[in-house]
Amino acid sequence: MRHSRPFTGFSTGVIEAIGLTKHYNDFVAVDGVDLTVREGEVLSLLGPNGAGKTTTVRMLASILKPTAGRASVAGLDTVRHAREVRRLIGLLTEFPGLYLRMRGWEYLDFFGQLQGLAPALRAERSEQLLRRFELWEARQQRTGEYSKGMRQKLALVRAMLHDPQVLFLDEPTSAMDPHSARLVREAIADLRRDRRTVVLCTHNLLEAEALADRIAIIRRGRIVALGTAAELKQRLLGDPVIELRLGRTLDGLLPEVESIVPVREQGPDWLRYSTSQPEVVNPRVVERLARLGAPIITLSEVPRSLEEVYLRIVSEPDARP
Amino acid sequence: MPALSTALIITRREVRDSLRDWRIVAPIAILTLVFPFLMDFTANLAREFVLRYGGANAIIAERLNPFLFMIVGFFPITFSLVIALETFVGEKERNSLEPLLATPISDTQLYLGKMLGALALPLAGSWVSICIYLAGAYFSQNWLPDPLLMVQVVLLTAGQALVMVSGAVVVSSQTTSVRAANLLASFIIIPMALLVQAESLVLFWGQYEVIWWVIAGLGVADLILIRMGVRIFNREEILSRELDQINLRRIARSFAGYFARPPEQALKRDSAGRLDLVRMYRHDIPTLIAAHWLPILVVCLTLAAAVGAGAIYAADYPLPAGTLQLESLPRDAFEDLPQVGFLPRFTVSGVFFNNLRSLALAGILALFSFGVLAVVLLMAPLAIVGFFAAQLGALGYSPLVFVGTFILPHGIVELPAAIIATAFALRIGAALVSPPAGLDVGQGLLLVVADFLKIFLLLVIPLLLIAALIEVHITPQVVLAVYGAG
């Protein structure tokens with residue numbers, strides 16, 4: 001079921017925030033966040049504990065009111081149209097927060113009722129999602145008997161039950177075994193394919209890199225870096241480093257490569273260079289070496305982790321995107 | 001989706017959850033199913049015992065059944081307090097509240113759903129318990145209460161349960177832990193215990209019509225508490241609050257800001273407040289009084305009603321002829337007045353401090369009574385004025401001359417001071433139910449107390465001082481000039 005939009009005044013993003021700020025007395029939890037998340041985009045919010053990720057999500061989900069600034073979801077103001085916004089979103093909270101004396105099926109039925117879903121649709125969606133997340137067999141068990149991973153999956157099913165247009169997922173794969181985590185990652189990928197907008201808060205940087213179209217790093221309530229993983233790496237770590245390995249020594253070949261791109265490091269049979277235009281430089285290097293009859297074994301980008309980017313950003317004194 | 005049906009979704013879940021918790025079900029079941037038999041057994045024993053000492057004691061035996069009838073209904077509803085106290089804060093502790101807050105239900109639906117959920121099971125238990133006791137009393141003693149008493153006890157239990165639940169839900173939505181909520185529950189338990197004692201007295205006294213007043217009082221308290229709960233409940237507060245720690249420095253800073261800033265800038269924390277007496281007299285006080293026109297009007301109407309009530313009582317309890325002989329008032333009537341225990345000394349300081357104490361007390365009592373006791377405190381002397389004015393009228397004197405001589409000279413200053421102080425005290429009480437816009441309960445209270453203090457220090461105290469001077473030095477002269485024996 002897809003909800004119709006009561007107002008389609010937004011132009012660029014399904015989620016838009018302008019100067020979003022939240023104070024708790026003298027403490028500034030979120031400090032002027034500007035953000036646009038487009039339809040079908042997965043945005044990952046990264047940041048240390050207490051950086052303001054949860055507060056930002058709560059404001060976007062119309063649970064908290066901003067102290068200053070404004071936000072909209074699907075064109076609806078999160079303060080003035082809070083209930084409509086909450087109808088359009090699904091929220092997976094940091095902790096599953098299940099009612100432990102309820103059965104899995106009953107739990108979903110309860111939230112389906114609160115979302116205003118008809119009984120048949122509730123049953124259909126519950127079955128579909130429980131089967132997908134391999135909880136169908138456990139549907140009549142009390143959630144108190146569920147494992148941590150099962151609870152997390154049931155909470156995700158709850159968030160997806162009404163087929164929301166926007167999903168806020170806080171640590172969706174925490175406490176899950178690798179198989180379950182994979183199921184969840186596949187589900188997120190499917191959501192993106194279905195043009196749903198997903199905001200993913202996680203400390204799992206590999207997951208963020210694999211799933212997110214863009215990454216926002218938040219620190220002390222501010223977004224200090226925003227972009228694709230590649231953009232962030234380039235901005236923080238410089239141009240990608242390319243490593244070339246040959247089936248022979250570099251004798252006489254170095255000047256040929258350096259005539260195209262400066263070489264940063266070299267070994268007996270390998271070299272590394274960095275370039276902002278690999279799509280232009282790499283073919284030229286390959287072509288030149290092939291013409292000289294040099295056997296190329298591999299030409300690849302030296303992996304640079306998002307973790308490196310993240311740690312560099314969060315340890316900087318202060319920064320703006 | 002209709003509002004109530006959504007609230008009932010929450011209620012059904014809450015009730016089902018309570019029914020699955022043996023820690024709730026077992027005590028309610030025992031109190032509901034076992035306690036009435038025990039009460040019935042006790043009633044029989046007590047009846048036999050008191051009747052053994054003669055017919056004069058029959059009245060005790062007769063009044064025992066209505067009392068126990070009320071008690072068996074009360075015990076199961078005490079559990080509503082336990083359920084209600086943890087309804088929000090317990091969920092917050094278990095992290096199950098945020099998913100609920102993220103659904104499209106309104107704050108009012110959530111509040112009502114939770115409240116009804118806490119109420120349903122204990123109240124049902126209470127009524128079952130009453131039925132069991134009645135059945136037992138009928139079969140063992142052939143006793144059945146008057147149908148009207150049955151209605152009263154059923155309404156009484158419902159009113160008491162609702163007061164406890166609505167009060168506890170307010171506590172639960174304003175605290176950060178179940179432990180803190182339990183500690184604050186004494187604010188509900190103590191008045192309820194006192195109420196049950198008072199009800200017991202009334203039932204033994206046999207004045208069942210008084211129970212209607214108790215039911216009416218409970219109904220008003222229910223309405224106030226539910227409105228208070230709906231008004232101050234918000235998901236923001238519940239999720240934001242992490243600590244119950246008192247930050248005295250912040251409280252003092254807020255209070256000083258509210259006091260020093262002009263009323264229209266009171267909420268602008270970034271605007272620096274200045275203690276400018278000229279501005280306060282020229283601007284702040286008139287602005288505050290104008291803004292409080294409604295409580296001032298309410299106090300004036302209530303006082304008029306008090307004067308009327310005093311006059312009515314005068315008709316019911318007329319003084320014997322010759323009791324008041326104003327025409328022979330001696331010239332030294334106001335000198336060396338005998339000291340009566342509860343009356344102040346007839347000196348400027350005596351009168352001034354007595355009035356000051358009364359009005360300051362009104363501000364304090366308002367805090368614990370939603371403002372009601374502040375108004376009641378001022379109604380009493382006005383009712384006395386009405387009573388004596390009417391008595392004098394009946395004895396052939398002019399009530400207007402009485403008021404014009406005994407009251408008006410100082411009253412023209414004292415009464416406005418008292419009305420203004422009481423109106424601001426009333427606002428303190430009302431702030432609990434309806435905090436000023438844009439503020440939570442705590443900050444709202446600080447603002448209204450700061451306003452009360454500003455008015456009290458700058459306006460009421462000087463007026464009371466002037467009034468005391470007039471009352472001691474001028475009013476007696478006016479009285480003697482009109483009524484004196486010469």
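Biologist: In chain A, over how many bridges do strand 1 (residues 15–24) and strand 4 (residues 68–73) pair?

Modeller: First, this is a predicted model, where local features need pLDDT of at least 70, side-chain atom pairs count only at pLDDT 80 or more, and totals for chains, interfaces and linings use all residues. Residues are numbered from 1 along each chain as its sequence is written, while chains are lettered from A and ligands numbered from 1 in the order in which they are written. Strands (E, at least two residues) and helices (H or I, at least four) are DSSP runs numbered from the N terminus, and two strands pair if DSSP finds at least two bridges between them. One partnership here is Ile15(A) with Val73(A) in strand 4 of chain A, and the antiparallel pairing of strand 1 and strand 4 of chain A runs over 5 bridges.

Biologist: Which strands of chain A stand at the edges of that sheet?

Modeller: The sheet is open, with 4 antiparallel strands in the order 2-1-4-5. An edge strand has a single partner, so one of its sides is left without a neighbour in the sheet. In chain A that applies to strand 2 (27–37) and strand 5 (76–77).

Biologist: And what angle does helix 1 of chain A make with strand 1 of chain A?

Modeller: Helix 1 (residues 53–60) of chain A packs on this sheet, touching strand 1, strand 2 and strand 4 of chain A. Angles run from 0 to 180 degrees between N-to-C directions, with axes fitted to C-alpha atoms, for helices over the stretch in contact. Against strand 1 of chain A, the direction of helix 1 makes about 120 degrees.

Biologist: Is strand 8 of chain A largely enclosed or open?

Modeller: Thr197(A), Val199(A) and Cys201(A) point one way from strand 8 of chain A, Val198(A) and Leu200(A) point the other way, and all are buried (20 or more other C-beta atoms within 10 Å of a residue's own; exposed is 12 or fewer, partly exposed in between). With 5 of the 5 residues buried, strand 8 of chain A is therefore largely enclosed.

Biologist: Which strand pairs with strand 8 of chain A over 5 bridges?

Modeller: Strand 3 (residues 42–46) of chain A pairs with strand 8 in the parallel sense over 4 bridges, and Leu45(A) stands opposite Cys201(A) there. On the other pairing, also parallel, Phe168(A) has Val199(A) as its bridge partner. The strand with 5 bridges to strand 8 of chain A is strand 7 (residues 166–170) of chain A.

Biologist: In chain B, how are helix 3 and helix 9 oriented to each other?

Modeller: The axes of helix 3 (residues 58–85) and helix 9 (residues 186–205) of chain B come within 9 Å and cross at roughly 165 degrees. Under 35 degrees counts as roughly parallel, over 145 as roughly antiparallel, 65 to 115 as roughly perpendicular and the rest as oblique. That makes helix 3 and helix 9 of chain B roughly antiparallel.

Biologist: What about helix 13 and helix 18 of chain B?

Modeller: Helix 13 (residues 277–291) and helix 18 (residues 441–473) of chain B have axes 11 Å apart and pack at about 125 degrees. Met280(B) and Leu288(B) are among the helix 13 residues in this contact, and Ile455(B) and Leu458(B) among those of helix 18 (contact means C-beta atoms, placed from the backbone, within 7 Å). Helix 13 and helix 18 of chain B are therefore oblique.

Biologist: Which helix of chain A gives the largest share of the side that touches chain B?

Modeller: The contact takes 24 residues from chain A and 22 from chain B. Helix 2 (82–88) and helix 3 (104–114) of chain A each supply at least two residues of chain A's side. The largest share, 4 residues, comes from helix 3 of chain A.

Note on methods: Contact = placed C-beta atoms within 7 Å.
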